[in-house]
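Visitor: I'd like a close look at one helix and what goes on along it. Could you pick a single part, walk me through it slowly, and then show me what else is worth setting beside it?

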Amino acid sequence: MIARRLRAVGHPYKGETLGFVAAQKGGGGCSLDPSSGRNEELQLVLLPSREDLISSPISLRGQDLVSSLLPFTVSPLMSEMNATTQQENVLKRKSDDVGWEYGSLIDPSNLDKVKCKFCNHVSTGGIYRLKQHVAHVSNVVAKCKKSSQEAKDRCKKSLEEASKKRREKTIRELELRDSVNISRVGDEEVNVAGRSEPHKLGPLDKWTCPIDPKLTQAEALHQQKINKELWKKRTHEVQQYVARWMYNHAIPFNACDNDDFKLMCEAIGRFGPGFEPPSKHDLRETLLSQEHARVKSLLQERDAEKMKNGCSIMTDAWSDRKRRSIMNLCTNCADGSSFIKSKEMSAVSHTSEVIFQLVDEGIEEIGPEHVVQVVTDNASNNMGAKKILLEKRPNMFWSSCATHTINLMLQGIGNLPRFTKVLDKAKAFTIFVYGHTRTLDCMRHFSSGKEIIRPGVTRFASAYLTLESLLDKKDQLRKMVVDGRWDSLREVKSKNGKAATTTIMSMPFWKDVKLCLNVFEPLVKVLRLVDGDVKPSMGFVYGEIVKAKKEIKEVYGNVASRYKDVIDVVEKKMKDRLDSPLHLAAYLLNPYYSYADTNIFDDGTITEGFISCVETFYHGDDSKQDQAVNVELRKFQNREGSFAKKLARTCQNFEYNAASWWKLYGNEVPTLQRMAMRILSLTSGASACERNWSTFENIHTKKRNRLTTERLNDLSFFHTI
């Protein structure tokens with residue numbers, strides 16, 4: 001038996017002997033025992049205050065203690081920590097409402113009573129009343145005399161936002177009701193005493209009712225109350241039928257928040273009794289064709305944008321539940337992405353010629369004059385199709401998907417030895433916790449129901465999210481592995497369980513997690529930019545990767561020997577994919593970068609890429625090539641004419657629209673303006689195609705696995721708006 005003395009080295013317990021750790025060399029648990037025989041002194045690092053000690057994990061110096069004696073129990077101290085933590089978790093609501101920063105529940109079972117943290121006043125109207133109390137915005141609620149000005153402002157802003165949302169919701173519902181147009185043959189009518197015309201039932205009848213003028217005031221009020229209760233009962237009965245249909249057919253509960261559901265209910269209500277629902281044939285034939293035509297008409301504005309500023313065509317392959325190989329074709333413009341069609345390709349091999357034929361058909365359908373580029377992943381058959389397309393259409397670009405390329409960068413960096421170790425430990429811990437129901441329940445208890453994001457198979461960026469999720473729960477996880485509840489689990493005593501405990505208690509592990517996140521984060525920001533449809537990303541992808549490389553170098557203190565292998569991975573994956581003439585020209589023509597750094601025009605690589613892009617964009621037109629490169633580019637570079645205006649500097653805002661900027665200030669350089677507007681309206685990734693597979697999965701379920709490809713196309717088309 002060995003007893004090791006625990007001595008505190010941090011204020012306020014500095015120098016105090018807290019007890020002894022008695023442990024058997026063969027493993028097992030340990031506890032504080034001052035009567036042990038042999039003593040060896042260890043140091044216990046404590047935080048500056050007792051409150052911090054309760055809310056933060058204990059760490060012990062001495063790797064032998066962590067590796068061979070964990071899990072251990074410090075009974076009196078840990079019991080107090082656990083009790084306090086559990087009480088705080090119970091009295092805190094799982095809500096991001098700002099009001100909970102200034103109040104807490106009195107009783108977890110009563111959500112109406114909330115105590116103010118400033119003056120201990122108890123509000124009986126829930127968190128809404130507490131915010132009124134703190135913000136001094138209501139005469140019916142006592143005003144807090146100790147609340148700070150910041151608390152008043154934040155609570156007042158929260159109340160105003162909530163009120164604004166309620167008003168907008170009410171207006172939206174009224175607009176939805178008014179948008180329903182049902183041809184009427186006859187209406188449900190109620191005869192009202194004293195009126196010659198019948199009264200038509202409508203939404204206002206919920207709050208009003210016909211009153212016989214012969215009744216006294218008391219009798220009229222009584223009649224009004226009866227009618228109100230009848231309306232409630234009538235509404236409840238109808239809702240029961242709706243709920244029964246949703247339960248029996250497993251309709252998601254959030255479907256009732258959809259505007260189409262509300263419009264359907266309003267339309268049925270206006271039709272009145274005797275409505276005949278559509279048949280299966282109507283739904284899959286007549287009504288499907290009509291709805292397809294309606295949606296297509298709604299996309300006319302998007303088609304107009306394609307004609308004005310051009311568009312991109314994206315393609316990808318996928319296998320459905322019946323193992324049918326399907327090629328997906330989508331288009332993207334500044335207004336968003338649209339589904340064109342899908343084609344079953346099970347009978348043929350996905351060769352370069354087959355892919356080219358599918359893409360070429362899509363180009364002809366949209367119009368060759370409106371298509372600027374084709375975007376695919378980096379597969380060899382796609383690169384072969386690129387060569388064939390450029391031979392037929394030399395004025396078009398074929399770009400590699402930026403989302404796929406950046407994911408490859410993250411994967412390559414993650415495969416470096418210095419990152420592989422920490423990623424493997426994080427994955428092993430996550431797999432262990434989620435591999436056993438009791439360890440998972442324990443984790444959810446300490447994390448207040450929050451989940452650890454588990455790493456995915458296809459996207460390496462999910463590994464970043466896993467590390468970020470672990471770091472966010474660092475304190476809770478460290479408390480968990482030193483708690484008796486975790487120690488009592490049989491799975492924890494296994495080899496994998498001990499390894500998981502050691503990982504969480506290891507300070508070098510958390511240091512490596514932070515380093516990984518600091519290195520991955522700049523590239524993940526670029527990935528989020530190119531993976532979304534918020535704005536066209538072609539003009540930003542090259543500049544943001546340059547910025548990401550600079551930030552990665554700063555993480556390593558700009559020491560070349562430390563960051564070289566990371567930067568080498570980024571540049572290797574980027575070469576011939578995200579540094580094409582199209583990407584370089586978009587970077588140069590984006591005033592967000594060229595106005596901030598005029599040295600861009602002196603970079604030979606960028607200017608050569610720009611010239612090559614002009615030669616492709618204006619293929620065969622030497623006069624326009626000369627005008628764009630030798631005349632108009634100089635005006636843009638020197639900020640002559642409209643480019644010199646003060647308002648032109650709005651481009652320094654990252655959220656601005658680059659194509660709109662050129663429309664406003666590029667009128668004096670029409671050749672360069674047309675090229676810039678088209679290029680800066682392009683996407684840089686094919687994520688819309690991948691997201692369309694999720695739509696296919698939702699439509700083509702086990703219960704609907706006999707859908708034909710043509711019908712699946714029509715159903716998927718509705719999700720493009």
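Guide: Here is a walk along helix H7, followed by some other spots to set beside it.

Keep in mind that this is a predicted model. Helix H7 covers residues 259–271, so let's begin with Asp 259, which is found in that helix. Is Asp 259 buried, exposed or partly exposed? With a relative accessible area of 25%, Asp 259 is partly exposed. Leaving aside the neighbours within four places in sequence, Asp 259 is in contact with Arg 172 and Leu 176. Arg 172 is 87 residues away from Asp 259 along the chain, yet their C-alpha atoms are separated by 9.4 Å.

Further along H7 there's a salt bridge. Arg 270 pairs with Glu 266, and the closest N and O atoms are 2.9 Å apart. Both residues sit in H7, four residues apart, which is about one turn of the helix. Their surroundings can be put into numbers too: Arg 270 has 25% relative accessibility and counts as partly exposed, whereas Glu 266 comes out buried at 12%. The line between those two labels is 20%, because buried means under 20% relative accessible area.

Now for Phe 271, also in H7. Phe 271 is partly exposed, with a relative accessible area of 41%. Which residues join Phe 271 in a nonpolar surface patch? They are Met 264, Ile 268 and Phe 275, and together with Phe 271 they make a patch of about 350 Å².

That pair in H7 is a good lead-in to other salt bridges; the structure holds 16 of them. Lys 564 and Asp 568 meet in one, at 3.0 Å from N to O. Being four residues apart in helix H21, Lys 564 and Asp 568 are separated by about one helical turn. Asp 568 is partly exposed, at 33% relative accessible area.

Another bridge goes from helix to helix. Lys 549 forms a salt bridge with Glu 571, the closest N and O atoms being 3.5 Å apart. Lys 549 lies in helix H20 and Glu 571 in helix H21, so this pair ties together parts that are 22 residues apart in sequence. Lys 549 counts as buried at 17% relative accessibility, while Glu 571 counts as partly exposed at 40%. Elsewhere, Asp 360, Glu 364, Lys 392 and Arg 393 are linked in a network of salt bridges.

The loop between H20 (538–555) and H21 (560–574) holds Asn 558. What is the phi of Asn 558 near? It is near 60°, a positive value in a residue other than glycine. Most residues other than glycine have a negative phi. Asn 558 is exposed, with a relative accessible area of 53%. Ser 448 also has a positive phi, near 55°, and its place is in the loop between helix H14 (437–446) and helix H15 (461–472). Ser 448 counts as partly exposed at 28% relative accessibility.

Last stop: a pair of packed helices. Helix H25 (residues 622–638) and helix H27 (residues 670–679) pack at an angle of about 90°, with their axes 8 Å apart. That makes H25 roughly perpendicular to H27. On the H25 side, the residues that meet H27 are Lys 624, Gln 627, Ala 628, Glu 632, Leu 633 and Phe 636. Across from them in H27 are Pro 670, Thr 671 and Leu 672.

How values were computed. Residues numbered from 1 in each chain as written. Predicted model: local features only at pLDDT ≥ 70, side-chain atom pairs only at ≥ 80, totals over all residues. Heavy atoms only, no water. Patch = residues over 30% accessible without salt bridge, like charges linked within 9 Å, V, L, I, M, F, W, Y side chains within 5 Å. Areas by Shrake-Rupley, 256 points an atom, 1.4 Å probe, with all protein chains shown as cover. Salt bridge = Lys/Arg side-chain N within 4 Å of Asp/Glu carboxyl O. Helix = DSSP H or I, 4+ residues; strand = E, 2+ residues; numbered from the N terminus. Buried < 20%, exposed > 50% of the residue type's maximum accessible area, 1.4 Å probe, protein only. Axes fitted to C-alpha atoms, helices over the stretch in contact; angles between N-to-C directions. Parallel < 35°, antiparallel > 145°, perpendicular 65-115°, else oblique. Contact = heavy atoms within 4.5 Å.
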